[in-house]
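This report looks at a ligand site and at one loop residue. The sequence and the structure are shown first.

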Amino acid sequence: MKYPSKIKIVDVGPRDGLQNEKAPVPAAVKIELVHRLQDAGLTEIEVTSFVSPKWVPQMADAAEVMAGITRKPGVRYSVLTPNMKGFEAAVLSKPDEIVVFAAASEAFSQRNINCSISESIERFRPVAEAARANNIYVRGAISCAVGCPYEGEIAPERVAMVARLLREIGVQHIGVADTIGVGTPVKVERAMEAALQHYGVDDISGHFHDTYGQALGNTLASLQMGIWQYDTSSAGLGGCPYAKGATGNVATEDVVYMLQGMGIETGIDLDKLIDAGKFISDFLERKPNSRAATALLNKRAG
Ligand code: HMG
Ligand code: MG
């Protein structure tokens, strides 16, 4: 079996991770998390979302968080922008990349962004154009790529359709997202194959929530297909407020541990990464949701 020799990990903990927290997390804590992640060697960080504060109150401090980060050379900072209003606010904070987020499920699109899939594409079109005119890289997420909390199983054809629509409006990279973590390796392979009909292997990433404990398996299955970019979340934080019951993304610590064990270069210092996850978990008064972090913290303590 041949695996990719290098991997890009986007830590989405500050965004996907913290968006779901009920109690407010101060901007200073979010900024400190970003700083700790970049000190641990993360070179891609999804920082925040420029979304409606009525929909996601936790992300209301997006501009403050972006302004508070001490940028490290070589690190790229991305933010979510669902519409032009979000983009216009985001552009002032100079992100390297923006993320538009579509869904392969009509019901989820309605619940998450209050419009149909085709309406969402029309909203994203000017966002993608404006971003590219400003030299900002455009990524797209395809939520519910294998399953939806409202529609159940999602056919790969839906993923191919949304990938095609995103391609047509100039989205440069797509993330195949298992929003509710119901996917298993063969289903994820099919979703990836659907995405590959419209994007090259270098322009697709995996975004796997770990609700059913399948995210590492899904990552491995995708690696075997040559997919080398993944969104992961420090301490396994997170979930989507509009996908009830879904837990966080696969923990960055678990993915880094697996890749290190496979001899695949990540450039990430696992010890420092564990400290970053411990920092935010301590703030949230819970244990890191990562098996590797738990094991290594126990080892340290022992
Ligand atoms: P809407 O209510 O249909 O929007 O929401 P609207 O255009 O009718 O505007 C209503 C109000 O919101 C207005 O304010 C707008 O100004 C304001 P008012 O006049 O009532 O005071 N507004 C905004 N404010 C700030 N920033 C904006 C913005 N847009 C409008 N960008 C909307 C539509 C898309 C805005 C809303 O549904 C929304 O914000 N949704 C975001 C939901 C969200 O963030 N979900 C989580 C992220 S996606 C995710 O986690 C999945 C992912 O991880 C992949 C995966 O796992 O699947 C990426
Ligand atoms: Mg997500």
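Does serine 116 count as buried or exposed, and at what relative accessibility? In this predicted model, serine 116 has a relative accessibility of 14% and therefore counts as buried, since buried means under 20% relative accessible area. Serine 116 belongs to the loop that runs between helix 5 and helix 6, the latter spanning 117–133. Although 10 residues separate serine 116 from glutamate 106 in sequence, the C-alpha atoms of the two are 5.9 Å apart in space.

The second topic is the ligand. Ligand 1 occupies the largest pocket, where it is surrounded by 26 residues, the closest being Gln19, Lys54, Asn114, Ser143 and Thr179. When this shell is sorted by class, 11 of its residues are nonpolar, 10 are polar and 5 are charged. At least two residues of the shell come from each of helix 1 (13–17), helix 4 (84–91) and helix 5 (106–113).

Polar side-chain atoms also approach the ligand, and the table lists three such pairs.

| Residue | Ligand 1 atom | Distance |
|---|---|---|
| Aspartate 16, polar side-chain atom | oxygen | 2.9 Å |
| Tryptophan 55, polar side-chain atom | oxygen | 3.4 Å |
| Asparagine 83, side-chain N or O atom | nitrogen | 2.9 Å |

Taken alone, ligand 1 would expose 1100 Å², and 75% of that area is buried by the protein.

Terms used:
Residues are numbered from 1 along each chain as its sequence is written. Chains are lettered from A and ligands numbered from 1 in the order in which they are written. This is a predicted model: local features need pLDDT of at least 70, side-chain atom pairs count only at pLDDT 80 or more; totals for chains, interfaces and linings use all residues. Side-chain values use heavy atoms; hydrogens and water are left out. A residue is near a molecule or strand if one of its heavy atoms lies within 4 Å of it. A polar contact is a pair of N or O atoms within 3.5 Å; within protein, one must be able to donate a hydrogen and the other to accept it, and residues adjacent in sequence count only if both atoms are side-chain atoms. Accessible areas come from the Shrake-Rupley method with a 1.4 Å probe; for residues, only the protein chains shown count as cover. On a 1 Å grid over the protein atoms alone, a cavity is a set of points where a 1.4 Å probe fits but cannot get out, and a pocket is an open set with protein on both sides within 12 Å along at least five of seven lines; lining residues have an atom within 4 Å of a point. A molecule sits in a cavity or pocket if more than half of its atoms lie within 2 Å of its grid points. Helices (H or I, at least four residues) and strands (E, at least two) are DSSP runs, numbered from the N terminus. Ala, Val, Leu, Ile, Met, Phe, Trp, Tyr, Cys and Pro count as nonpolar, Asp, Glu, Lys and Arg as charged, and the others, Gly among them, as polar. Buried means under 20% relative accessible area, exposed over 50%, partly exposed in between (1.4 Å probe, protein chains only).
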